[in-house]
Amino acid sequence: MGVYLALLLIFPFISIVSGSFYDITLQGESALRTVCESWRLNAEMGNVIGWVVIPSGCEEYVSNYMLGGQYSLDVDLMVREAMSYASKLQIEGDGKDAWVFDIDDTLLSHISYYSENRFGATPFNKSSWVQWENLAAAPAIESVALFYRQLVSGDWSVFFLTGRSEKRREVTEENLRRSGFTKWTGLILRQEDEEGLPAKVYKSARRQELEKAGYRIWGNMGDQWSDLTGYSTGERVFKVANPMYYIP
Ligand SMILES: *[C@@H]1O[C@H](CO)[C@@H](O)[C@H](O)[C@H]1NC(C)=O
Ligand SMILES: [Mg+2]
């Protein structure tokens, strides 16, 4: 409520309807950009949750963010921080030092799919997503791939923990390999009895299993807070920017 009020005071020309999303009435390019930027920042921080589509009016802003260079800079800096952190750790080297990666929009980029789907301005479309997934053509996010290669060439055990179904293992492995992710200690997909669970619940339980198996999760990288919260989150988490969609 406070945020709505503040926005109304600062931007009286912006009408905000009750409900989950801001309904922005365009009264000027820069005002809109400012509001969309504020939304993106708060979404990244996990303050704005549960959104189904990006705010109306923010499609061009998100497009510019993703394609105009800022997203790449943001991801590159995150990777540099992760590299710096990982390099300073005194790991045991007994095969039990683990790093967990989410897959979609963490290792593999779906910008080309979302650029065809209004950067998240339309609700998730399962059938067009599956068509895209079947192509197994999502490219690597290069800076994350560089970090991944450093880990696998060192003494790390790397786990991929994805919300994708076990039924999608083959196409998932194909895409990973094709994009240069050829080695992993474990590729964890949702089993049938996990299909209905929120990502946060499913992923927490799976990370806890890794810990019970003796792995020390030093780092956990994902583009959704549901990858990084719950329990057994790992010693440090690294959030990959993603203003295009929200997964609980
Ligand atoms: C979802 O995607 C399919 C396949 O591309 C398309 O035929 C369908 O019209 C889309 N549905 C909506 C609601 O946009
Ligand atoms: Mg993801």
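This is a short tour of a predicted model, moving from a pair of helices to two loop residues and then to a ligand.

Begin by selecting helix α4, residues 70-88, together with helix α7, residues 142-153, whose axes come within 9 Å and cross at roughly 15°. Angles under 35 degrees count as roughly parallel, and α4 and α7 are therefore roughly parallel to each other. If you turn the view so that one helix lies in front of the other, the crossing of α4 past α7 is left-handed.

Next, show the side chains where these helices meet: on the α4 side select V75, D76, V79, A82, M83 and A86, which meet S143, V144, L146, F147, Q150 and L151 of α7. Sorted by class, this contact of α4 with α7 comprises nine nonpolar, two polar and one charged residues.

Now move to the loop between α5 (111-115) and α6 (126-135), where you will find F119. Although F119 is not a glycine, its phi is positive, at about 50°, and this residue is buried, with 24 other C-beta atoms within 10 Å.

Continue to the loop between α6 and α7 and select A136, which also is not a glycine and has a positive phi of about 50°. Is A136 buried or partly exposed? With 17 C-beta neighbours inside 10 Å, A136 counts as partly exposed.

Finish at ligand 1, and select the residues around it, which are N125, S127, S128 and Q131. By class, the shell around ligand 1 has four polar residues, with no nonpolar and no charged ones.

Terms used: Residues are numbered from 1 along each chain as its sequence is written. Chains are lettered from A and ligands numbered from 1 in the order in which they are written. This is a predicted model: local features need pLDDT of at least 70, side-chain atom pairs count only at pLDDT 80 or more; totals for chains, interfaces and linings use all residues. Axes are lines fitted to C-alpha atoms, for helices over the stretch in contact, and angles run from 0 to 180 degrees between N-to-C directions. Helices (H or I, at least four residues) and strands (E, at least two) are DSSP runs, numbered from the N terminus. Angles under 35 degrees count as roughly parallel, over 145 as roughly antiparallel, 65 to 115 as roughly perpendicular and the rest as oblique. A crossing is left-handed if the near helix is turned anticlockwise from the far one by less than a right angle, and right-handed if clockwise. Two residues are in contact if their C-beta atoms, placed from the backbone, lie within 7 Å. Ala, Val, Leu, Ile, Met, Phe, Trp, Tyr, Cys and Pro count as nonpolar, Asp, Glu, Lys and Arg as charged, and the others, Gly among them, as polar. A residue is near a molecule or strand if its C-beta atom, placed from the backbone, lies within 6 Å of it. A residue is buried if 20 or more other C-beta atoms lie within 10 Å of its own, exposed if 12 or fewer, and partly exposed in between; C-beta atoms are placed from the backbone.
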